[in-house]
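Reader: Could you take me through one part of this structure up close? I'd like to hear how a single strand sits among its partners.

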Amino acid sequence: MTIDEVYRFVKTMANKENRGWIKPSEFNLLAERAQLDLIKDRVGTVSPDGVVNGYKTNAQFWDELRPVIAYNIALANDGDGDFNINQNETATTADDVDVFGATGDYLYFLSAKYNGKPVDMVDFNEIEIRRASYLTPPTDDFPVGIIAPQGIRVFIGEDSEDIGTVRLTYIKKPPTPNWAYNTVNNVEIYNSTNSTQLTLPETTHKEIAHRILAYIGVTLREQTIVEYGTVTVAEQNK
């Protein structure tokens, strides 16, 4: 659906029996939130056991998130042990296929490589155990990393490294959806040229609309709309 079709669907459902109305500015705000919340839920519940399985196992999951996956993006090091996630640089080589590459649009981690080797990402408690381990210490072939406030910190020995190349695959923040309009005789008329469509594919648009309706129901304190939105989303995510 176009952003206009989603908006018209939401208006129809929210205004049924004159329960309420939604302005373009309100819709745009809720559309952004609904799309981000859907991404968050997809990443958090990719399988019943919480494990990110392969493409064949979760084809629908990966197909739905494909437009917001930034693949194999090179990160710059800051000379202090970190490879910056929120750097202000764009892609500079043929391998950097996403020109948005890590320019503050990072949402969720998927995978990382250090000098071409997969990085085993751990938490802050485990990294200290791995650094002191005789059996599974960080090495050139088996680098270990953590996500720090500044970015990714990689260990191939006892200390972290700020040289070499780190490439990150991650979920990025999509452009903010926007239902743009021109006002004619005090009526908002859809402007497709200036509008920003939903980034996620059409298979997710119905769920996004239902999430928006749930938010509207909370705003209007209309329990029927809340229940309609939340129950429908829950059924779709079974």
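Author: Here's a walk along one strand and its pairings, with a quick stop at a surface patch afterwards. Keep in mind that this is a predicted model.

Let's start with strand β7, which runs over residues 151-155. This strand is mostly covered, with four of its five residues buried. Buried here means under 20% relative accessible area.

Now for the partners. Strand β6, residues 144-148, pairs with β7 in the antiparallel sense, and five bridges link the two. Just two residues sit between β6 and β7, and the pair forms a hairpin. At one of the bridges, A148 stands opposite G151 of β7.

G151 turns up again with another strand: N84 stands opposite G151 too. That contact brings in strand β2, residues 83-84, which pairs with β7 over two bridges, again in the antiparallel sense.

Carry on along the chain and you get to strand β8, residues 160-161, which is also antiparallel to β7, with two bridges between them. F155 of β7 has S160 in β8 as its bridge partner. β7 and β8 make a hairpin as well, this one with four residues between the strands.

And now the surface stop. V184, V187 and I189 make a nonpolar patch of about 230 Å². V184 belongs to strand β10, residues 181-184. Its relative accessible area is 44%, so V184 counts as partly exposed. That value also clears the patch cut-off, which asks for over 30%.

Technical notes
Residues numbered from 1 in each chain as written. Predicted model: local features only at pLDDT ≥ 70, side-chain atom pairs only at ≥ 80, totals over all residues. Heavy atoms only, no water. Patch = residues over 30% accessible without salt bridge, like charges linked within 9 Å, V, L, I, M, F, W, Y side chains within 5 Å. Areas by Shrake-Rupley, 256 points an atom, 1.4 Å probe, with all protein chains shown as cover. Salt bridge = Lys/Arg side-chain N within 4 Å of Asp/Glu carboxyl O. Buried < 20%, exposed > 50% of the residue type's maximum accessible area, 1.4 Å probe, protein only. Pairing = 2+ DSSP bridges.
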